Each structure stands twice: as structure tokens, then as C-alpha cells.
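User: I've got a model open and I'd like to go through the labels people put on it. Can you take me through the reasoning behind them?

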Amino acid sequence: MLVEFDPVRLDGLLNFSSKKPKKYIFVSGGVLSGLGKGATAASIGVLLKDHGYSVTNLKCENYLNLDSGNINPIEHGDVFLCEDGLEADLDLGTYERFLDKEVGYTNFITMGQVYSSVIEKAKNLEYEGVTVDAIPYVPEEVIRRIREAIDGYDIILIELGGTAGEYQNIVYYEAYRLMKQTLPDDVLLVHVTYFPTPSHINELKSKPTQLSVKNLQAMGIQPDIIVGRADSYIDDKRKEKVAYFCNMHKEDVISNPNVESIYQIPLIFHEQGMDKRILSKLKLPIKSTKMKTWKELVDKIMSKKERKLSIAIIAKYIATGDYELQDSYTSLIESLHHASWENGVGLDLIFINAEALQKKQKKAVANLKKADGIIVPIGWGERGVEGKIDAIQYAREKKVPYLGLCYGMQLASIEFARHVVGLEKAHTLEVDENTPDPIIHDIPFEKKYQKIKGVGASMRLGAYDCVLKPGTLTYKIYEQHKAFKDKKKNLISERHRHRYEFNNKYRDILTEKGFVISGTTPDDFFVEMIELPQKDHPFFLATQAHPEYKSKPLHPHPIFIEYLKAVGKHAK
């Protein structure tokens, strides 16, 4: 039996009981990746939210992985950890930071999820015995997930991964086409593309944009708005040319020039009337908006900073071929910037390759010694681990403000065990299975402790509660910033993404030598926060959690705020 497109079935997918129609804004990309579709989608969200609409986001990825957790961060950038435990693309971090709201499983689709779901339904005879072809059943599964994500909101921004013309993402574009056909007044496409300025010509070129739109039109899709990424603003002549060849109005070609901070983008769009164009096309009332809070944020970001603090980040996920990238640490970088704006200081972030430090390379050692503060962030495995431990020892002995995040806490515990307690061969079982002193170890696979991700794989993922010890530095930080989840119970909550844990057998051995365990889980099973007494060190704090995933520009995380204050005092 041949199954044709069924408008009745599709209408059922999109039929809400709500009297107010839902609105869908797709954001696609063309020419090349990395143009900032995520920042564009998030910026549009900021504008529409300021107009009084409830807005959410959705990212559609092309790969067959079920999430981003097992992808090398060098290959795909920072794995953003959500409150509900989802390991997602870094764009979800952009959504959280711009819209100042949590996202999670309902805001993330991969092609692997979609195909797995369709195949499972076919196995369970949910398609009533028909031939299950990719079209229309796979796009309809995408539409079902879009409907699930928009529930409770007025508008959803749907970012399509990859670029137009790739075979991997064609079902997402087909989902858009079907929705546009069914709901012409409620569905809109914003296409982000590239306007290069070749140095030998010194002229903004629009041909890549024209060819990209041609790819869309070949799929039966006409963009409603084009966002042009370029070194500078797009002039009227280029806008007129694009409008002519792409069947658009000139006013629908929006400039997105290079900026000092991505948080300027919503204001740049607002100045060009992009929000009004979108609301008009979606037949929505245009409410008054002043973007007051966002303007204040940008003023704070762009204000002149009298001081600049240097922070050494001991990294291992920065090399790709002949290039060094920082995308693997996006959330950490953002968190430091949020705190720096709050403190009114500038930042000089020095990325030091942990392997180079381990080999005692002169440049790496010199960079470590000139830093005002040291951070050891997330990491996995053996590579560069001794370089990280060397940096921690230097920070402890030289009293340089230190912040350890996840692996940075585990290795700080090992460094203390080796060089203060005297357990010279102390290590983590992740690196040395034969260590006589496994300060860090794995625990049995049990659902009450971890999320079981697959055969032989388990992790603590998402938000976990932690009880802080009164009188400690960590406690004072959360108290000062009113950041407790439940002050009466000394309870906070932070996100986790790790497998190995502090070995409780070594608690007494380390604390007898001055090691401070400042936070544990409510059942006292997991060590969550450690530090050194402030009489011994101005700021030495490490956490098994990931506060960097909860920091937002309008609400910087307290740990980063206070860390930079300590770095500033040390720098003086």
C-alpha cells in the first residue's frame, strides 16, 4: 500500500486545544557552519520575550548519537549539561544564558533520537502495518517533538543543525515545509548566511547567500528573513541585490556584523526592526519594548575596565590539527565573563596545554607563573593529568587563587594526598588501576546513585542537592549571595556530569592534615565540595559539580564572582 501525505494526520499533530495559535520560527543556516545560528535564535528569543511573549527554543542536530555526551569536545565543542541531566550541544547553553531559563530533554532533538523512535514504533505496530518510509513518517516524528517542546509557550525557535543542502538534515527541512503548508500564518523561516569580503577584492559579496537560498528553493522553501553574517553591516546595494535574486523585500535582509560581545546581537536586531518584521509576518500584536535590562547588561559589558586579571586555564581539549580552539570550554569562559562584568574587571584568559605543562615546556611554565589565578576544569582520562596536578600544587604552595571544577576537584584531592599527606602513589582509578591509594574511585552501578547510560557506563548527570558545612568558604559564598536552595537545611543544588567519585575511606586521613570537606550529598555518601582553610590559603576551592553550566549574564554564579574577587586581591 502506498502511503501518501495525509493532511488530516498532520493537522492532528498540530491541532492544539488552545484558542491562541502557536507560532513556529525555524532558524536555518547556509554557506558554512559556525555562523551563529544559536546566537541568532537566542537573540530573537530575547526580543520576543521583551515584547511580552513566552518563548522557548529547540535544537535539531543531524548526528545519529542520542545526545552529545559521547562526542569528543574537540570535535563538537562544549557539551552543555542541563538541569534534567541532558548532555546537549553548546547552543542549549546559549539559549539558557540569553533567555534566562532552563532547557532540557524537550529542547533537543538528534537524528538518532528521531530514527530510533520511528523504528521502535514500527516494531510495535503503531503504524498499523503500513510501509514506513522516511517521508512522511520521519518528518512527522520531528513535528511531534516540536509540538511537545512548544507546549506551555506562545512561540518556539527551532534551530536546524548543519547547513542547507546537506543530505543529513533534509527531514528537518521537510518538517518545516509540511508545517508551513498546513499553518502558513504561524510558521516562519529565518535563514542565517554568510557575506564574505575577500581581501583581494575588498568588497562584500552576496553570491554565497544567493546560492544558499537557491538550495532552499530547490526544496520548495522560501525564507522569510535573511540574517547576513559579515565583518561589517551589509550595505543597501547588497541588500537590494539579495532581495531581487531571492524573492524578498530589502527590509527582510538583516545585518549581523562581527561584534565585541554576542550579547550585543539582540540590540543590533532591534535597531533594524527585526522583531517588528517577525511579529508582523506571524500576525501577532506588536507590543511596546525598550530592552531596558538588556541595554544595561550591554553597557556593563562594554564599559571601560580599569583592571585586567589573568586566569590560567589548564586545558586538554584545545588542539585540532594545526589550530587551537576554545569551544570545548565555552560555558567556563562565559561564566568567567559574567563574573568579570559583575566585578567591573577585564579578563586575560590564558589557555595552557596540560601536556605541555607536564613536559615542563618553558612557555607553559612561564604562563602559569604569570597568572593571577588558576583553574583546572572538566577532563577525562590520563592525557595531561600530571600537568594538571603540577598546576594545582603550584597554586596551593604559592597561594595563587585556585578553582577546581569536576576533574579539578578530584585532582586537587590527589595532589593534597601526595604532597601533604605523603601518599606518594595516590591517584584515580580512572588513570591508574593499580594505585595503592585510590583517592578517586568508581562506585557500583546503581540507579539510586547514577544514570545508567549503557553497558558498562554510568554517570551522575543533572542537578543534585548538596549540604554545605557552616563556617566554610563555600558556605559563606552561597550565604552572601542568597544562593541556597533551602537555607534552613544548608542545602544548595548544582549540576553534575562525571563517573568517578571521592573515596570515602580517605576522608579522615586527608582532613586530619587540614583538608576541608565543605559539602556532601544529603545522605553524606558523596563528597561534593572541598577547600583549604582561609588561614592557610586565600582561595582554594574545588567542586565535583559544574557551576559553570548555571551561570547567566543577568545572574552570574556566586562561586565565579567570589573567585575573581580573590584573584583581584592576589593580583594587587
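User: What makes Ala 542 a contact of residues such as Tyr 402 and Glu 528?

Analyst: Heavy atoms within 4.5 Å is the test. In this predicted model, Ala 542 touches Tyr 402, Gly 404, Gly 408, Met 409, Glu 528, Met 529 and Ile 530, leaving out residues up to four places away in sequence. Ala 542 itself sits in strand β24, residues 540-543.

User: Why is Ala 542 called buried?

Analyst: Buried means under 20% relative accessible area. Ala 542 has 0%, so it counts as buried.

User: How far apart in space are Ala 542 and Thr 474?

Analyst: Their C-alpha atoms are separated by 9.3 Å, with the two positions 68 residues apart along the chain counted as sequence separation.

User: And His 496, buried or exposed?

Analyst: Buried: the relative accessibility of His 496 is 2%, and the cut-off is under 20%, so the label follows. His 496 belongs to strand β20, residues 491-498.

User: What makes the pair His 496 and Glu 528 a polar contact?

Analyst: The limit for a pair of N or O atoms is 3.5 Å, with one able to donate a hydrogen and the other to accept it. The side chains of His 496 and Glu 528 come in at 3.3 Å, so the pair qualifies. Glu 528 also turns up among the wider contacts of His 496, which include Leu 81, Arg 460, Tyr 464 and Gln 544.

User: Why are α6 and α7 called roughly perpendicular?

Analyst: Angles of 65 to 115 degrees get that name. Helix α6 (residues 134-150) and helix α7 (residues 170-182) pack at about 75 degrees, their axes 8 Å apart, and they are therefore roughly perpendicular to each other.

User: Which residues meet where α6 packs on α7?

Analyst: From α6 you have Ile 135, Val 138, Pro 139, Val 142, Ile 143 and Ile 146, facing Val 171, Tyr 172, Glu 174, Ala 175, Leu 178 and Met 179 of α7. Sorted by class, that contact has eleven nonpolar, no polar and one charged residues.

User: What makes α4 count as largely enclosed?

Analyst: Nine of the nine residues in helix α4 (residues 91-99) are buried, so the rest of the structure largely encloses it. Charged names are on that list too: Asp 91, Glu 96 and Arg 97 are among the buried ones. Right after α4 comes Asp 100, with a positive phi near 55 degrees.

User: What is the strand order in the seven-stranded sheet, and how do the strands pair?

Analyst: The order is β5-β2-β6-β1-β7-β8-β9, the sheet is open, and the pairing is parallel. β5 (108-110) and β9 (253-257) each have a single partner strand, so one side of each lacks a neighbour in the sheet, and that's why they are the edges. From one strand to the next, the twist averages 20 degrees.

User: How do you know that β2 and β5 are paired?

Analyst: At least two bridges are needed. Strand β2 (residues 55-61) and β5 have three and run parallel, so they pass. One of the partnerships is Glu 61 with Thr 110 in β5.

User: Which helices pack on that sheet?

Analyst: Helix α8 (residues 207-218) does, touching β7 (187-194) and β8 (225-230), with its direction at about 145 degrees to that of β7. Helix α11 (residues 274-281) packs there as well, touching β1 (23-29), β7, β8 and β9, and makes about 155 degrees with β8.

User: Why is the edge strand β9 called mostly covered?

Analyst: Five of its five residues are buried. Val 253, Ser 255 and Pro 257 point one way and Ile 254 and Asn 256 the other, and all are buried. β9 is joined to β8 by five bridges, in parallel, and Val 227 stands opposite Ile 254.

User: What about the three-stranded sheet: what makes β16 and β21 its edges?

Analyst: The order is β16-β17-β21, with mixed pairing. β16 (426-428) and β21 (501-502) have a single partner strand each, so each has one side without a neighbour. Two bridges join β17 (residues 437-441) to β21, and those strands run antiparallel. Ile 440 has Phe 502 as its bridge partner there. Helix α17 (residues 407-421) lies across β16, β17 and β21, at about 165 degrees to β16.

Methods: Residues are numbered from 1 along each chain as its sequence is written. This is a predicted model: local features need pLDDT of at least 70, side-chain atom pairs count only at pLDDT 80 or more; totals for chains, interfaces and linings use all residues. Side-chain values use heavy atoms; hydrogens and water are left out. Helices (H or I, at least four residues) and strands (E, at least two) are DSSP runs, numbered from the N terminus. Axes are lines fitted to C-alpha atoms, for helices over the stretch in contact, and angles run from 0 to 180 degrees between N-to-C directions. Buried means under 20% relative accessible area, exposed over 50%, partly exposed in between (1.4 Å probe, protein chains only). Angles under 35 degrees count as roughly parallel, over 145 as roughly antiparallel, 65 to 115 as roughly perpendicular and the rest as oblique.
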